[in-house]
Amino acid sequence: MRRADKLKLGTFVYTFGYNPAGWLHPASDVNGANDFRHLLKVAQISEAAKFDFMFMADSPAAAIGDPEALCRLPTKMNRFEPLSLLSALAVSTANLGLVATASTSYYEPFNLARIFASIDHLSGGRACWNVVTSDHDETGYNFNREGLDPHALRYERGKEFVDVVFGLWDSFEADALKLDRESGVYYDKDKLHTLHHKGKHFQVRGPLNIAASPQGRPVIAQAGGSEAGIELAAETAEVVFSLASNLKRSQDFYATLKERMGKFGRAPDELKVMPGVVLNVGRTEAEAREKVAFLADKLHPDVGRQMLAEFLEADLSGVPLDEPFPKDRLPAAPKGSKALFDELTDFVMKGHTVGELIRLFSEKHTGNGITGTPAMVADFMEEWFEGFAADGFILMFPTLPSALEDFVELVVPELRRRGLFREEYEGTTLRANLGLPTPENRYARARRQKGALADAS
């Protein structure tokens with residue numbers, strides 16, 4: 001039997017696209033990093049295609065590394081602060097969900113709760129917070145730290161942070177505003193609640209000085225793949241951004257995460273697993289592969305070396321491009337995709353040069369999901385969706401907006417022909433479109449439970 005639900009789709013946004021050479025593509029807007037119209041166009045294309053959301057990836061720091069590489073790599077070096085951008089997109093779009101990354105390591109819970117509640121009101125209930133603890137050393141140096149805090153500490157702080165934010169979002173019950181001009185009562189004093197949180201990392205009195213979110217609270221996204229990350233996702237997340245490695249591994253991750261939710265009294269359909277997948281689509285397979293080759297040709301060797309060094313966590317400085325990759329600089333385990341790491345390792349063991357390895361990494365980095373015709377892309381998505389490896393996909397387009405436009409023109413009609421993707425939005429909020437329940441306010445729930453006990457007695 002086929003699944004009764006539909007695929008969920010989101011556009012992953014680095015300014016010029018996921019590929020670091022995307023800004024060199026002739027269809028890109030070289031001024032787009034500081035031009036709101038560029039990102040608005042990406043949002044409008046996504047919304048017209050009935051995508052669920054636009055996902056703004058972010059790190060609150062410029063990259064650290066080889067200056068010769070970084071001056072050719074604009075992704076981290078010049079981009080909008082994402083919450084400001086979401087505020088602008090909120091009043092420039094009507095249906096598209098708006099997702100932004102914000103780190104529990106470098107915000108205070110009250111500030112972040114207030115910002116996202118405001119964006120949710122501005123957008124009519126379309127805000128989503130991508131919860132991260134941050135995983136780049138360079139970020140900590142901008143926030144009174146020497147690099148990153150230890151992993152366990154970041155997740156301990158992150159869990160308490162999310163608990164506090166949820167408590168603040170419950171400050172006003174949904175029907176707290178009376179707005180009664182005759183009596184002069186603006187809100188029901190019994191339906192505004194002070195948090196009085198005192199924990200290990202935070203002391204927050206509250207209440208939050210903004211009414212309840214249009215969708216109960218903003219949607220929560222998370223990308224953590226560690227054991228601590230899976231635990232936090234099972235307890236709190238509603239969209240999980242996973243890595244698309246292979247079908248079996250993704251099925252196992254999907255099943256583990258959905259099963260873990262029961263520990264926290266949550267149902268499996270309260271969370272959508274959406275692997276990130278890079279797509280290169282062409283009218284023919286040859287055309288799709290030409291797109292991969294174009295970006296690989298455009299990638300400067302210094303940029304490729306920087307990317308490869310980050311992925312392998314290896315020092316590649318001073319290693320000539322035309323010499324074999326030094327096998328002793330391969331790590332024992334990957335930082336990211338194991339499948340890609342294994343392929344690169346096999347390549348190194350065959351004696352290929354550093355330059356050849358950079359080329360391979362560039363091609364795989366651009367096409368680690370699927371490269372092919374509309375039917376091939378749809379086949380991939382259908383297999384993962386129907387095989388319970390994914391509830392949808394976060395689409396990491398190599399170039400923006402051109403690769404997004406190709407997908408909308410070529411693949412979306414095929415997905416609809418197969419009955420896999422919506423024709424129209426189901427509702428007006430992101431929760432409604434994702435098929436997620438509205439969380440019950442904790443104070444309203446306590447009152448309801450107290451009333452039920454009283455009735456039973």
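The legends below accompany close-up views of a predicted model.

**View 1. The largest nonpolar core of the predicted model.**
This core has 68 residues, and the members that touch the most others are Phe51, Trp129, Met381 and Phe407. Helix α6 gives the core its largest share, seven residues. Apart from this core lies another one of 26 residues, which includes Leu70, Phe311, Phe341 and Leu360. In soluble globular proteins, nonpolar side chains tend to be buried together.

**View 2. The surroundings of Phe407 in the largest nonpolar core.**
Neighbours within four places in sequence are left aside in this view. The contacts of Phe407 then include Leu9, Phe51, Leu279, Val281 and Val377. Phe407 is also in contact with Met381, Leu395, Phe397, Val412 and Leu415. Two of these partners, Phe51 and Met381, are named with Phe407 among the residues that touch the most other members of the core.

**View 3. Residues annotated as a binding site.**
An unreviewed UniProt entry carries the annotation "binding site" for Asp58, Thr101, His151, Tyr155 and Ser226. His151 belongs to helix α6, whereas Ser226 is placed in the loop between β9 (219-222) and α7. When residues up to four places away in sequence are not counted, His151 touches Ser226 and Ala228. On the same basis, Ser226 touches His151 and Tyr155. His151 has a relative accessible area of 37% and is therefore classed as partly exposed, the range between 20% and 50%. Ser226, with a relative accessible area of 26%, is likewise partly exposed.

**View 4. The largest cavity and its lining.**
The model has two cavities of 30 Å³ or more, and the largest has a volume of about 80 Å³. Its lining includes Asp58, one of the residues under the UniProt annotation "binding site". Val13, Tyr14, Thr15, Leu39, Met56 and Ala57 are among the other lining residues. Arg79, Phe80, Pro82 and Leu85 also belong to the lining of the largest cavity. By residue type, the lining divides into eight nonpolar, one polar and two charged.

**View 5. The second largest cavity and its lining.**
This cavity has a volume of about 40 Å³. The residues that line the second largest cavity include Tyr14, Thr15, Phe16, Gly17 and Asn19. Pro20, Gly22, Trp23, Pro74 and Thr75 line this cavity as well. The lining consists of five nonpolar and five polar residues, with no charged ones. Tyr14 and Thr15 also appear in the lining of the largest cavity.

**View 6. The second largest pocket.**
The second largest pocket has a volume of about 470 Å³. It is lined by 17 residues, and those nearest its centre are Phe166, Arg217, Glu235, Pro439 and Arg445. At least two lining residues come from each of α6 (151-169), α7 (227-236) and α17 (442-456). The lining divides into four nonpolar, three polar and 10 charged residues.

**View 7. Glu313 and Pro331.**
Glu313 is part of the loop between α10 (301-312) and α11 (338-349). Its relative accessibility is 58%, so Glu313 counts as exposed, for which the value must be over 50%. Glu313 and Pro331 are 18 residues apart along the chain, and their C-alpha atoms are separated by 7.2 Å.

Technical notes. Residues numbered from 1 in each chain as written. Predicted model: local features only at pLDDT ≥ 70, side-chain atom pairs only at ≥ 80, totals over all residues. Heavy atoms only, no water. 1 Å grid on protein atoms, 1.4 Å probe; cavity = no way out; pocket = protein on both sides within 12 Å on 5 of 7 lines; lining within 4 Å. Points joined across faces, edges and corners; volume = space filled by probe spheres on them. Helix = DSSP H or I, 4+ residues; strand = E, 2+ residues; numbered from the N terminus. Nonpolar A, V, L, I, M, F, W, Y, C, P; charged D, E, K, R; others polar. Buried < 20%, exposed > 50% of the residue type's maximum accessible area, 1.4 Å probe, protein only. Core = buried A, V, L, I, M, F, W, Y, C linked by side-chain atoms within 4.5 Å. Contact = heavy atoms within 4.5 Å. UniProt positions renumbered as here; feature names shortened; annotations may be inferred.
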